[in-house]
Amino acid sequence: MGSDRWEPAAFKVRVDEVLRGFVAEEADAFAAIDSVLAGVAESLEAAVADGKRLRAAFCYWGWRAAGQPDSDALVRAAASMELVHAAAVVHDDLIDDSPLRHGRPTVHVALRGAVGSRPDADAAARSLAMLVGDLLMALAGQLFATSGLPAAYLVRARPLWSLMARELIAGECLEILRTGAGPDTAVSLKVIRYKTAKYTVEQPLLIGGVLAGAGSRLREGYSAYGLPLGEAFQLRDDLLGLFGDPDHTGKANADDVRGRRPTALLAETWRLAGVEERELLRALLGRDDLDSEGLDARELDAVREVMCRLKAPDRIEDMISARVEEALDALHGLDVPTPSAAALTALAHSAAVRLF
């Protein structure tokens, strides 16, 4: 993809080729240490097999919008953002005990087969998954450092890597610490900002821009565009998580409800609810066995019914629209090349205006 026209499919192919080649080589080296590690090595490759590659795309266009040309080395550096995401997903699924991701067993579930029938198989598989996530994060740094970009460029971006890791982990910790607490929209939005928004849009954009030598005004514009768009991305994900088709989303749609996670959707439902509705929500959300299948499907439907009756999903849609508009307003205020503006506009819709 050497032209200025944004071709998402062609870009995804480039990123996929980088990731699969790099991770396959690393997985082979890992498995060569001992044959018993084969299952873990397979999980490394499975962890990067899917994805829209949005984070890599934002990094790429952070570079291009700063005036730099297409670059295979930059694509390699941008692909490292997807390894950060893969690491975060493995850890997040482990923390949330999610069974599915992209329609397949999550890493900690898949690795149960690698530990056999020993009594502590579940705990051992979870430990292995934690280490897979750690290794993916380390590999992200390695891919970035060996991307082929000049060392001086990479040095400029190093502080942002530390910031990205700190804020991502802070967001995950906030979600854990806030889970089960009283629903609060402001708290939920703060969790969203640090757990997802920053490392999904803002930080990849900034890293691409800093690699390209972007000035302070452009970097400020990236943040003004990236933060609200990242929040819109996660708000959409929360809606899809509960109301989307699991065959389409690839995830169990009871996860957020069962885990009583501090989502804005739940917080807005609680804010709009009356006394009777809150009593019903307390009864439903206090259950540990709520699931998307089997005997508890009716309870899950009851949660959805309360949310829809209160128009909480409509409220989240309004929040998404407002954030996309804010992001695009910030983008339109920047003096960036027309192809970059067009690509970042298209990415805004790809990230936030996804269908059920």
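**Exercise 1. Work out which residues Gln203 touches, and whether Gln203 is buried or exposed.**

Step 1. Set aside residues up to four places away in sequence; Gln203 then touches Leu160, Leu163, Met164, Glu167 and Lys198. Contact here means heavy atoms within 4.5 Å.

Step 2. Gln203 belongs to helix H8, residues 185–212. Helices are DSSP runs of H or I with at least four residues, strands are runs of E with at least two, and both are numbered from the N terminus.

Step 3. The relative accessible area of Gln203 is 2%, so Gln203 is buried. The classes are buried under 20% relative accessible area, exposed over 50%, and partly exposed in between, with a 1.4 Å probe and protein chains only.

Two notes apply throughout. The model is predicted: local features need pLDDT of at least 70, side-chain atom pairs count only at pLDDT 80 or more, and totals for chains, interfaces and linings use all residues. Residues are numbered from 1 along each chain as its sequence is written, and side-chain values use heavy atoms, with hydrogens and water left out.

**Exercise 2. Describe the surroundings of Leu235.**

Step 1. Locate the residue: Leu235 is part of helix H9, residues 216–243.

Step 2. Check its cover. Leu235 has 1% relative accessibility and therefore counts as buried.

Step 3. List the contacts beyond four places in sequence: Leu235 touches Leu189, Ile192, Ala264, Ile316, Met319, Ile320 and Arg323.

Step 4. Compare sequence and space. Leu235 and Leu265 are 30 residues apart along the chain, and their C-alpha atoms are separated by 7.8 Å.

**Exercise 3. Do the same for Leu331.**

Step 1. Leu331 sits in helix H15, residues 312–332, and is buried at a relative accessible area of 3%.

Step 2. Without its neighbours within four places in sequence, Leu331 contacts Tyr225, Ala341, Leu344 and Thr345.

Step 3. Between Leu331 and Gly226 there are 9.3 Å, C-alpha to C-alpha, although they are 105 residues apart along the chain.

**Exercise 4. Find the residues of the negative surface patch and the helices that supply them.**

Step 1. The patch of negative charge gathers Glu25, Asp28, Glu42 and Glu45. Patch residues have over 30% relative accessible area and no salt bridge; like charges are joined within 9 Å, and nonpolar side chains (Val, Leu, Ile, Met, Phe, Trp, Tyr) within 5 Å.

Step 2. At least two residues of the patch come from each of helix H1 (8–31) and helix H2 (38–47).

Step 3. Take one member: Glu25 lies in helix H1 and is exposed, with a relative accessible area of 59%.

Step 4. Look at a residue in contact with the patch. Ala24, also found in helix H1, is in contact with Leu19 and Glu45 when neighbours within four places in sequence are left aside. Ala24 and Glu45 are 21 residues apart in sequence and 6.3 Å apart in space, C-alpha to C-alpha. Ala24 is partly exposed at 22%.

**Exercise 5. Identify the nonpolar surface patch.**

Step 1. Ile95, Ile176 and Leu177 make a nonpolar patch of about 300 Å² on the surface.

Step 2. Ile95 lies in helix H4, residues 72–96, and is partly exposed, with a relative accessible area of 40%.

**Exercise 6. Examine three salt bridges and say which parts of the chain they link.**

Step 1. Apply the rule: a side-chain nitrogen of Lys or Arg within 4 Å of a carboxyl oxygen of Asp or Glu. The count comes to 24 salt bridges.

Step 2. Arg112 pairs with Asp122, with the closest N and O atoms 3.2 Å apart. Arg112 is in the loop between helix H5 (107–110) and helix H6 (121–145) and Asp122 is in helix H6, so the pair ties together parts 10 residues apart in sequence. Arg112 is partly exposed at 35%, as is Asp122 at 44%.

Step 3. Glu268 pairs with Arg271 at 2.8 Å between the closest N and O atoms. Both lie in helix H12 (residues 264–272), 3 residues apart, about one turn of the helix. Glu268 is buried at 2%.

Step 4. Glu277 forms a salt bridge with Arg309, the closest N and O atoms lying 2.8 Å apart. Glu277 is in helix H13 (residues 275–285) and Arg309 in helix H14 (residues 297–309), so this pair ties together parts 32 residues apart in sequence. Glu277 is buried at 16%, whereas Arg309 is partly exposed at 44%.

Step 5. Finally, Lys12, Asp16, Arg20, Arg53 and Glu82 are joined into one network by salt bridges that share partners.

Technical notes
Areas by Shrake-Rupley, 256 points an atom, 1.4 Å probe, with all protein chains shown as cover. Lys, Arg positive; Asp, Glu negative; His and termini not counted. Charge placed at Lys NZ, Arg CZ, Asp CG, Glu CD.
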